[in-house]
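Got the viewer open and a selection box ready? Let's take a walk through this model, one stop at a time.

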Amino acid sequence: CRLSLTHEQGRRSEWSVSFQSRHRFYDTREQFDLNGVAIPNSSLVYWRPELTAQWRFHWDESRHWRTTTKVGWLLNRDDGSGYFDYDRVQFAEQLRWSRGDWEVTGQARFGWYLYRRQRVGSEHRDRSYVLLELRAERRLGKHWLLHAAAEREWNFSNDPLDEYRDWMINGGIGVEF
């Protein structure tokens with residue numbers, strides 16, 4: 001279920017707010033008790049409501065330059081003890097340049113996870129991330145396109161299993177109908 005409200009402010013600006021509610025059902029994952037121990041013969045379901053606000057602004061009359069600012073708040077609630085419950089706050093800023101058959105996009109995203117029950121030693125589990133993306137796309141006619149993208153991600157946590165740094169580079173040919 002998703003509800004959205006969008007308001008255009010002149011030719012160059014647009015605000016939107018959306019609410020989405022999802023359930024995630026797992027076939028093989030089990031619920032955990034408050035100590036992080038799996039509960040045998042149980043099944044896990046997440047309820048994930050999310051509220052997002054977004055502002056898009058075209059910086060020039062010809063609409064070549066656009067920024068998009070997005071903030072979001074997601075709740076993750078399990079159907080058991082609450083061991084997997086967390087709140088995620090996210091902020092993203094995107095800069096897009098488009099002209100003719102070319103489009104280049106750069107984006108930075110920041111997220112913070114606030115765990116309610118999980119602990120690392122004597123502290124609540126703590127996790128955050130920074131993600132930088134750069135993508136270039138060239139249209140080849142009406143349906144075909146070439147693209148290349150690079151993504152750099154940093155994850156920070158007081159749990160060593162959550163800590164990582166990642167590079168991803170990809171490219172390809174796409175078709176749209």
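Start by selecting Asp162 and Arg125: both are buried. Keep in mind as you look that this is a predicted model. Show the side chains of Asp162 and Arg125 as sticks and you'll find them joined in a salt bridge, 2.8 Å from N to O. Colour by strand and you can see what the pair ties together: Asp162 sits in the loop between strand E8 (144–157) and strand E9 (164–175), while Arg125 belongs to strand E7, 37 residues apart.

**Next stop: Arg127**

Stay on strand E7, which covers residues 123–140, and pick Arg127. Which side chain of opposite charge is nearest to Arg127? That's Asp162 again, 4.7 Å away. A salt bridge needs a side-chain nitrogen and a carboxyl oxygen within 4 Å, so Arg127 is buried but has no salt bridge.

What does the charged end of Arg127 sit over instead? Select Tyr113: the charged end lies over its ring, 4.2 Å from the centre. Now bring up the other contacts. Leaving aside residues up to four places away in sequence, Arg127 touches Gly111, Trp112, Tyr113 and Tyr115, and also Asn155, Phe156, Ser157 and Asp162.

**Along E7 to more salt bridges**

The model has 13 salt bridges in total. For one of them, select Arg109 and Glu133, whose side chains meet at 3.7 Å, N to O. This pair links distant parts of the chain, with Arg109 in strand E6 (residues 102–120) and Glu133 in strand E7, 24 residues apart. Switch on the surface and both show up as partly exposed: Arg109 has a relative accessibility of 23%, and Glu133 has 24%.

Then pick Arg135 and Glu137, which form a salt bridge of 3.1 Å, N to O. Is each partner buried or partly exposed? Arg135 is partly exposed at 31% relative accessibility, whereas Glu137, at 15%, counts as buried.

For a salt-bridge network, select Arg11, Arg12 and Glu61 together.

**Over to the aromatic rings**

Hide the charges for a moment and show Phe, Tyr and Trp. A pair of aromatic rings is described by the distance of the centres and the angle of the planes. How many aromatic pairs are there? The count is 13. Take Trp55 and Phe57: their ring centres are 5.6 Å apart and the planes meet at 40 degrees, so this pair is tilted. Trp55 is partly exposed, with a relative accessible area of 27%, and Phe57 is buried at 17%.

Compare that with Tyr83 and Phe84, where the centres are 5.2 Å apart and the planes stand at 85 degrees, so the pair is edge-to-face. Tyr83 is buried at 13% relative accessibility, and Phe84 is buried at 10%.

Keep Tyr83 and Phe84 selected and add Tyr26, Phe32 and Tyr46: ring pairs link these residues into a cluster. From Tyr26, turn to Arg29, whose charged end sits over the Tyr26 ring, 4.8 Å from its centre.

**Back to the N-terminal strands**

Switch to cartoon view and select strand E1 (residues 2–9) with strand E2 (residues 13–25). They run antiparallel, paired over 8 bridges. Which residue in E2 stands opposite His7? Click on Trp15 and you have it. Follow the chain around the bend: E1 and E2 make a hairpin with 3 residues between them, and Gly10 in the turn has a positive phi of about 75 degrees.

Now add strand E3 (residues 45–58), which pairs with E2 in the antiparallel sense over 13 bridges. One place to check this is Phe25, which stands opposite Val45 in E3.

**Last stop: two unusual phi values**

Zoom in on the loop between E2 and E3 and select Asn41. Though not a glycine, Asn41 has a positive phi of about 60 degrees. Is Asn41 buried or exposed? At 81% relative accessibility, Asn41 counts as exposed.

Finish with Arg63, in the loop between E3 and strand E4 (65–78). Arg63 isn't a glycine either, and its phi is positive as well, at about 60 degrees. With a relative accessible area of 32%, Arg63 is partly exposed.

How values were computed
Residues are numbered from 1 along each chain as its sequence is written. This is a predicted model: local features need pLDDT of at least 70, side-chain atom pairs count only at pLDDT 80 or more; totals for chains, interfaces and linings use all residues. Side-chain values use heavy atoms; hydrogens and water are left out. Helices (H or I, at least four residues) and strands (E, at least two) are DSSP runs, numbered from the N terminus. Buried means under 20% relative accessible area, exposed over 50%, partly exposed in between (1.4 Å probe, protein chains only). Lys and Arg count as positive and Asp and Glu as negative; His and the chain ends are not counted. Contact means heavy atoms within 4.5 Å. Rings of Phe, Tyr and Trp (its six-membered ring) pair if their centres lie within 6.5 Å; planes under 30 degrees apart count as stacked, over 60 as edge-to-face and the rest as tilted. A charge sits over a ring if NZ of Lys or CZ of Arg is within 6 Å of the ring centre and within 35 degrees of the ring normal. Two strands pair if DSSP finds at least two bridges between them.
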